[in-house]
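Visitor: Could I request a close look at a single residue of this model, followed by its wider setting?

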Amino acid sequence: MPISTAKSLFTCPNKHLMVFLLVFTCAGLLSGFKAHAAGPMVADSFTGPVTQNEINSFKSYIQGVEPVVWPNTGSMQGEYAQGTSGENIKAMGLMYEITGDTAILDRMIYFCDVLLSQRNDILPAPYGHRTVWTNTIAPVWPGNNTGTASADSANGDPVGHLAYCANLILQHPAIWNTSVAIGDNYSHGATYKQRAMTFMNEADYVVNQFLFPSLLDLSNGNKYYFSTQSPYMSGGVFPWNQQMMISYGLQNLAAAHAVLGDNPTLVSQYDGIVQTNLNWFFSNNTAKQTYTDSKGNTAYNWGYNPTLLGGEDSNHASLDVAGFYRAFLSGRYGITSSMMMPFANMYADVMMRGPNDFAGRVDGTDGTGHGAPTTYARTGNIFLAALRPDMFDKLANANMPNKTTTSLATFARFMWAKNQLNTAGGDTQAPTTPTNLTAAAVSGNQINLSWTASTDNVGVTGYNVYRGGVFVGSSTTTSYSDTGLTASTTYSYTVKAKDVAGNQSAASSTATATTTSSTSPWNLALGKTYNASTTWSDSYPASAAFDANTATRWSASNGSLSNQWISVDFGAATTYNQVIVKEITFQRVTAYKLQSSNDGTTFTDIAGTSGTALGASKTIAFSPVTSRYVRLYLSTASAVPTINEIEVYNQ
């Protein structure tokens, strides 16, 4: 059955109207409500880094923009696919990635809250709970407002929005246990992590209850084809722009699950499908043309779908490019800047014919409708300015002639390109390959990896880790712990370095290790770095509390009875959900709590971990936390506190 807690609001018939009106009145979304956005958004300059004024301009504008709800649209899937509300969610995500400003993330969460509330199986009749062509009340966002609910590949984008928002939250563990500032009017989860889990689970639900069983036919080696039961393009190959809709959701779901480490099989499945369809374009010249353009640069010419070799119209090409660029930025699928550059060359050398003159097709010709020439750049192509800096000013002047716009997609994508050009210098150079990769099994379910750092002309931002060629996680340091493995099994690994521009190095040499036969949980704190607020003497160091020997102990300094702490540095973000503290020699602690941190300076209390006594062995269990540091904070003690052993586990 569906996972969403929001559904429970609508299970009792006499609550339908009450809850519907309550939620949408509070959100200001009843029919007839019209938001008045501040604006327009203003760019200070087309040169230099993104400014706080520009960020504030965006933040102000989004507060006046509302997500669309029934009955204010004729197609919910269209509104949240390439329609305004959907593009607004993507824009907020981009700006949050640039700024890390949680006010922007909060507005994105609000849009996703509303989006989820509009899903057919969640929303009450008359606009929800309609039978779809599957003869079920399927979890979709219908493409029409009356009768049998239509639904097609455009439903991939709403899945993508939910998964994108979840992924952005999960990439920042420091906020996981913080309450979302906008509240929880839809019962989707009070904290950021709870909200992310709801969005992720509900996106998974749509994939596995509608996209996979009803809409898609993946029997052709995981290539995207429509199922024979689909009323739309039955049995046909997916157009490129519609492939991007499905992949948008799957790649963000894969990334979110990879952060949590909760379902490696699902990560592998989602990534494998996305990889296959990206390879269909990049590794197969029967699906596109690669040629030398009039400026002597390598360019692509492709069609509406993989069976057509040229002449894709500018409208769909913009959507294609945006999707390929998203996959490139994810760093998950081996797409390099050199593989993306022919898109940028195509646009700069072929489609840009002069000021405010853009060809209607990717081969430089014009047609009608979606293939008609435009006086502006369609927004997906704005990303390409990060690869070809020489076109940035031309695109900016065409789309924002007065340095202003009321299009969130336009503004966010220009800010993204501007940020890329000014933080990475238009960087297209990949980092060097990581070297000296080693793999060491530490238990029946964990292998630890380490390697020598890469270098880059701008700067390495992290490393992607692959198990058997499949992405499993990222690290900002030169080490990684792969958990959840099977005992007595051999695994092989490679690592790739990445930089701020999204360039990725070649894969390192392969390292292998075999997990032990024991499946007992591994103490994550062993062999790490330790610190303490104070120490009695060299005979009672912090490390003595993490050496698997209860005969040794850490002790605070003479006279230090309150606000003492002892911590472990895992060396990289690590997930854990249980800490065992052994206060054997002297039981003196009278108040304690556990805290987590990602920088070793700012610590956050871990919910549900405080208490008044430890004793000889205290097991403290809690919801999974991912952080680089964890510490035991001793608020008070009857005498100088001393701890014999601390163990950390991910059960």
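**A residue in a strand, and its setting**

Guide: With a relative accessibility of 6%, Ser-475 counts as buried (under 20% relative accessible area, against over 50% for exposed and partly exposed in between, using a 1.4 Å probe and protein chains only). The model is a predicted one, in which local features need pLDDT of at least 70 and side-chain atom pairs count only at pLDDT 80 or more, while totals for chains, interfaces and linings use all residues. Residues are numbered from 1 along each chain as its sequence is written, and side-chain values use heavy atoms, with hydrogens and water left out.

Ser-475 belongs to strand E12, residues 470–475 (strands, of at least two residues, and helices, of at least four, are DSSP runs numbered from the N terminus). A polar atom of the Ser-475 side chain lies 2.7 Å from the backbone oxygen of Ser-479. Neighbours within four places in sequence aside, Ser-475 is in contact with Trp-451, Gly-462, Tyr-463, Tyr-480 and Ala-572 (contact being heavy atoms within 4.5 Å).

A second strand residue may be set beside it. Leu-632 is found in strand E21, residues 618–637, and is likewise buried, its relative accessible area being 3%. Once residues up to four places away in sequence are excluded, Leu-632 touches Gln-564, Trp-565, Ile-566, Val-581, Tyr-592, Lys-593, Leu-594, Leu-614, Ile-643 and Ile-646. Ala-532 is 100 residues from Leu-632 in sequence, yet their C-alpha atoms are 9.5 Å apart in space.

Elsewhere, helices pack on one another. Helix H4 (residues 84–99) and helix H6 (residues 156–170) have axes that come within 10 Å and cross at roughly 20°, so H4 is roughly parallel to H6 (an angle under 35 degrees). On the H4 side, the contact is made by Gly-86, Ile-89, Lys-90, Gly-93, Leu-94, Tyr-96 and Glu-97, and on the H6 side by Asp-157, His-161, Tyr-164 and Leu-168. By class, these residues divide into 5 nonpolar, 3 polar and 3 charged (Ala, Val, Leu, Ile, Met, Phe, Trp, Tyr, Cys and Pro are nonpolar, Asp, Glu, Lys and Arg charged, and the others, Gly among them, polar).

Helix H8 (residues 240–260) packs against helix H9 (residues 264–282) at an angle of about 145°, their axes lying 9 Å apart. The contact includes Trp-240, Leu-250 and His-257 of H8, and Leu-266, Tyr-270 and Phe-281 of H9. In the contact of H8 with H9 there are 12 nonpolar, 5 polar and 1 charged residues.

Technical notes
Axes are lines fitted to C-alpha atoms, for helices over the stretch in contact, and angles run from 0 to 180 degrees between N-to-C directions. Angles under 35 degrees count as roughly parallel, over 145 as roughly antiparallel, 65 to 115 as roughly perpendicular and the rest as oblique. A polar contact is a pair of N or O atoms within 3.5 Å; within protein, one must be able to donate a hydrogen and the other to accept it, and residues adjacent in sequence count only if both atoms are side-chain atoms.
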